[in-house]
Amino acid sequence: RLQIYKPKYKLTLWDIREVQDCRVRRINGEYQLLFTVELTNIRGRTFEICKNDVNGSTITRGDIFMRFYKLKNVENAHQLQQTLMDELRAKGIELDSECDDDGN
């Protein structure tokens, strides 16, 4: 599992170099969308970031995310999460609850 990057502030388009993949995780009964990204200031390493740690306009309109959505045949993060959840249900997979690196 990749290290989850917890930023001190909401990430913007300038902070994210590339979006490589995504997945859904379950924490405290809630599902979260995670993106596998390469960050601008830490080249050569990939991290997972939570959708909630990215600036809203970056997630909805940022070209880096729009290209990624197009690759996944969706239009936004909500559709992406629904598609991933539908794929898990179709395969009969139920996610176990995960813990953050800080124990939550």
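Here are three short exercises on a predicted model, each with a worked solution.

Before you start: residues are numbered from 1 along each chain as its sequence is written, and side-chain values use heavy atoms, with hydrogens and water left out. Since the model is predicted, local features need pLDDT of at least 70 and side-chain atom pairs count only at pLDDT 80 or more, while totals for chains, interfaces and linings use all residues.

**Exercise 1.** Work out how strand 1 and strand 2 are joined.

*Solution.* Start with the ranges: strand 1 covers residues 16-27 and strand 2 covers residues 30-39. (Strands are DSSP runs of E, at least two residues, numbered from the N terminus.) Next, check the pairing, which needs at least two bridges found by DSSP. Here 10 bridges link the two strands, which run antiparallel. For a sample position, look at Cys 22, which sits opposite Phe 35 in strand 2. Finally, look at the turn: two residues lie between the strands of this hairpin, and Asn 28 there has a positive phi of about 50°.

**Exercise 2.** Find the other partner of strand 2, and say how covered strand 2 is.

*Solution.* Go on to strand 3 (residues 42-50), which pairs with strand 2 in the antiparallel sense over six bridges. One to spot: Thr 36 has Glu 48 as its bridge partner. This is a hairpin too, with two residues between the strands. As for cover, eight of the 10 residues in strand 2 are buried (under 20% relative accessible area, with a 1.4 Å probe and protein chains only).

**Exercise 3.** Is Thr 58 buried or exposed (over 50% relative accessible area)?

*Solution.* First locate Thr 58: helix 1, residues 56-61. (Helices are DSSP runs of H or I, at least four residues.) Its relative accessible area is 6%, so Thr 58 is buried. Then list its contacts (heavy atoms within 4.5 Å): leaving out residues up to four places away in sequence, Thr 58 touches Leu 11, Thr 12, Leu 13 and Phe 65.
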